[in-house]
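Biologist: Could you take one part of this model and go through it closely with me? I would like to follow the charged side chains, how they pair and how far they are open to the surroundings.

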Amino acid sequence: MSAIQILLLIGGYFLVLLLISYITGKNDSNTDFFKAGQKSPWYLVAFGMVGASLSGVTFISVPGWVEASEFSYMQVVLGYLVGYFVVAFVLLPVYYRLNLTSIYEYLLERFGHVSHKTGAFFFFVSRVLGAAFRLYLVAIVLQQFVFDDLGVPFEITVVISIALIWIYTNRGGIKTIVWTDTLQTTFMIAAVILSIILINSELDWSFGEFLESDELKNYNKFFFTDTLLAKNHFIKSFLGGMFITICMTGLDQDMMQKNLTCKNLKDAQKNMVSFSFVLVAVTFLFMLLGALLFIYSKQNGIAIPLMDGAPKTDLLFPEVALNSGLGLTLSITFMLGLIAAAYSSADSALTSLTTSFCVDFLNIEQKSEIEQKKIRKKTHIAMSLALILVIISFKYILSRNVIDSLLIVAGYTYGPLLGLFAFGIFTKHKIKDKYVWIVAILSVVMIAIIGNIDAKFLGGYAVGYELLPLNGLLTFIGLWLIRDRKQKAPL
């Protein structure tokens with residue numbers, strides 16, 4: 001598939017998104033931008049959230065991770081499943097009871113202004129980095145297979161990508177995204193299923209033969225329970241996955257903003273539960289695709305693509321789909337899935353960052369309606385520029401697999417949010433609000449030190465995704481130490 005053909009495909013897809021934006025953004029009100037008028041059908045939100053949760057990281061990086069880690073990522077995904085139930089039946093009732101626009105307003109209600117700003121700040125850092133990770137992965141694929149041939153530098157690729165997203169989210173916000181996410185999820189799932197079918201056909205296998213093949217057995221180890229010292233031990237992965245979901249979904253304005261567009265709490269809970277099971281099944285398909293890609297590439301002498309002189313397994317899927325001679329159908333399928341993955345995560349991230357910054361830092365709800373709209377639009381541009389700068393910087397500092405990097409960063413940035421919300425929901429204590437930011441910073445510093453201790457100094461114990469719950473625990477303990485012994489809040 002040529003670079004020009006890919007550009008035409010991107011252009012056509014973008015026109016469809018613009019049409020959806022035009023229809024859903026006619027009102028151009030802050031109510032629709034932030035909460036879609038709380039009229040979104042729960043099943044539409046649930047299906048769209050699958051695409052937003054998977055994003056370009058799952059679409060590209062999970063298949064590329066299979067050779068090094070086999071199916072160990074599914075241990076994390078099973079933890080996700082339990083985490084989604086905690087979100088549905090512990091956190092969502094709190095958010096709906098308080099009728100929140102930004103979920104960090106809960107911290108204002110429960111503790112005070114400093115806690116509110118601290119929680120919003122850590123979300124801001126977490127979401128900027130998370131969205132940048134996802135967009136960076138898609139940008140390097142577009143750069144490698146499209147824009148390098150056209151002589152366009154990486155920095156311009158990133159600017160174009162963010163500009164396209166800004167254009168179709170500028171008016172409709174979350175109302176537009178609920179509908180575009182549905183379209184994007186459809187393309188992503190169709191892409192992975194068709195890729196599996198087409199590559200199996202090329203290998204002269206049925207799907208059943210592939211599942212029973214000796215080749216698959218080299219990649220399909222699911223549970224790792226040999227030693228608790230290992231980073232990928234089942235218990236560590238499962239608990240890490242559970243807390244990652246609680247934080248990266250339940251304590252994340254991006255994911256919760258979609259849920260808060262549902263008509264009521266019951267619909268939001270139905271959305272969360274149904275979405276969680278679909279997500280597990282779809283992620284397993286991505287793992288199967290990863291194994292299939294490595295089997296096919298080895299049988300056909302396809303080398304792992306290089307980036308800056310080093311092999312990068314994240315690029316294997318695009319290499320097989322676009323350059324291995326498997327036909328135009330697979331190339332188009334892959335590109336549609338990739339484009340959908342890019343926009344499904346980035347558009348909602350941009351909208352949630354705008355929402356949180358407007359509500360949590362600029363107190364937009366205290367302004368007049370005309371002022372609110374002006375502030376929202378200026379903030380939307382500022383968030384776009386912030387994403388551009390962070391994504392470009394990743395090209396020069398990121399060395400490991402993107403999904404691994406994403407989960408590690410989550411352990412640092414979401415921990416204070418976990419501790420704050422847990423302390424607020426599960427205790428009656430008030431705290432000395434002015435010291436909260438110190439507790440949060442100290443917790444992150446301690447986790448950074450623990451996370452970088454060499455395993456040989458811990459008896460061979462490799463620190464993994466358990467950094468996140470440990471970070472939350474340290475924050476919780478810190479809040480306990482600064483609790484106000486004279487005051488208690490309603491539970």
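Modeller: This is a predicted model, and a good place to begin is Lys270, which is partly exposed because its relative accessible area is 36%, a value that lies between the 20% under which a residue is buried and the 50% over which a residue is exposed. The side chain of Lys270 meets that of Asp267 in a salt bridge, with 3.4 Å from N to O. Asp267, for its part, has a relative accessibility of 13% and therefore counts as buried. Both partners belong to helix H12, which covers residues 265-299, and they stand three residues apart, about one turn of the helix.

This pair is one of four salt bridges that a search of the whole structure finds. Another joins Asp226 to Lys221, where the closest N and O atoms are 3.5 Å apart; here Asp226 is exposed, since its relative accessible area is 68%, while Lys221, at 31% relative accessibility, counts as partly exposed. In a further salt bridge, Asp214 is paired with Lys217, again with 3.5 Å between the closest N and O atoms, and both of these residues are exposed.

Elsewhere, positive charge gathers on the surface in a patch made up of Lys432, Lys434, Arg485 and Lys486. Of these residues, Arg485 is found in strand S4, which spans residues 483-488, and Arg485 counts as exposed because its relative accessible area is 62%, a value over the 50% cut-off.

How values were computed. Residues numbered from 1 in each chain as written. Predicted model: local features only at pLDDT ≥ 70, side-chain atom pairs only at ≥ 80, totals over all residues. Heavy atoms only, no water. Patch = residues over 30% accessible without salt bridge, like charges linked within 9 Å, V, L, I, M, F, W, Y side chains within 5 Å. Areas by Shrake-Rupley, 256 points an atom, 1.4 Å probe, with all protein chains shown as cover. Lys, Arg positive; Asp, Glu negative; His and termini not counted. Charge placed at Lys NZ, Arg CZ, Asp CG, Glu CD. Helix = DSSP H or I, 4+ residues; strand = E, 2+ residues; numbered from the N terminus. Buried < 20%, exposed > 50% of the residue type's maximum accessible area, 1.4 Å probe, protein only.
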